[in-house]
Amino acid sequence: SPRLELRDLRRENESSVATIEPFPLFTSDREFVFRQVWKSEEGKVSIAIESIDKLVDYGRSKSRRVRGSVRAFWLMENLSLSQGSR
């Protein structure tokens, strides 16, 4: 589903995003509004995501939807060949 990037950036490694995930018939769609921050250093990338409490005007009428929440943290790093599987 499309994502709407909100224009309230605080830093260049931070963004706020709103998205509506469609769900099957007779189930309300889910709206997610979250902030993501990422950091890159020495072969590692860290990404943190957390829901924020912000109203978003999508410019259309509201369909049935429920506000979802999300919290995640990923740490990705390069592995040398001796550490990886073959």
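Q: Let's start with one residue: is F26 buried or exposed?

A: This is a predicted model, so keep in mind that everything here is computed from it. The idea is to look at relative accessibility: over 50% means exposed. F26 reaches 77%, so it counts as exposed.

Q: Where along the chain does F26 lie?

A: Look for the stretch between two strands. F26 lies in the loop that links β2 (14-21) to β3 (29-41).

Q: What can I say about the phi of F26?

A: Check the sign of the angle, and check whether the residue is a glycine. F26 isn't one, yet its phi is positive, near 70°.

Q: Which loop holds E42, and what is its phi?

A: Read this one just like F26. E42 is in the loop between β3 and β4. Its phi is positive too, about 40°, although E42 is not a glycine. E42 has a relative accessible area of 82%, which is why it is called exposed.

Q: Let's zoom out. How many helices and strands does the protein chain have?

A: Count the secondary structure elements, then read them in order. Here you get zero helices and six strands, so to speak β-β-β-β-β-β along the sequence.

Q: What share of the residues in the protein chain counts as buried?

A: Buried means under 20% relative accessible area. Of the 86 residues in the protein chain, 21% fall in that class. The accessible surface of the chain is about 7,100 Å², with 51% of it belonging to carbon and sulfur atoms.

Q: Can you show me a residue in a strand: is Q36 buried or exposed?

A: Use that cut-off again. Q36 sits in strand β3, and its relative accessibility is 17%, so it counts as buried.

Q: Which residues is Q36 in contact with, leaving aside its neighbours within four places in sequence?

A: Look past the chain neighbours and list what remains. For Q36 that gives N13, E14, S15, V17, A48 and I49.

Q: And for the whole protein chain, what percentage of contacts between residues at least 6 apart join residues at least 24 apart?

A: Here you compare separations along the sequence. In this chain, the share is 42%.

Q: Last one: which residues make the nonpolar surface patch?

A: Look for nonpolar side chains at the surface. V45, W74 and M76 make a patch of about 270 Å². Of these, V45 belongs to strand β4 (residues 44-51). With 32% relative accessibility, V45 counts as partly exposed, because that class runs between the buried and exposed cut-offs.

Methods
Residues are numbered from 1 along each chain as its sequence is written. This is a predicted model: local features need pLDDT of at least 70, side-chain atom pairs count only at pLDDT 80 or more; totals for chains, interfaces and linings use all residues. Side-chain values use heavy atoms; hydrogens and water are left out. Patches are made of residues with over 30% relative accessible area and no salt bridge: like charges are joined within 9 Å, nonpolar side chains (Val, Leu, Ile, Met, Phe, Trp, Tyr) within 5 Å. Accessible areas come from the Shrake-Rupley method with a 1.4 Å probe; for residues, only the protein chains shown count as cover. A salt bridge is a side-chain nitrogen of Lys or Arg within 4 Å of a carboxyl oxygen of Asp or Glu. Helices (H or I, at least four residues) and strands (E, at least two) are DSSP runs, numbered from the N terminus. Buried means under 20% relative accessible area, exposed over 50%, partly exposed in between (1.4 Å probe, protein chains only). Contact means heavy atoms within 4.5 Å.
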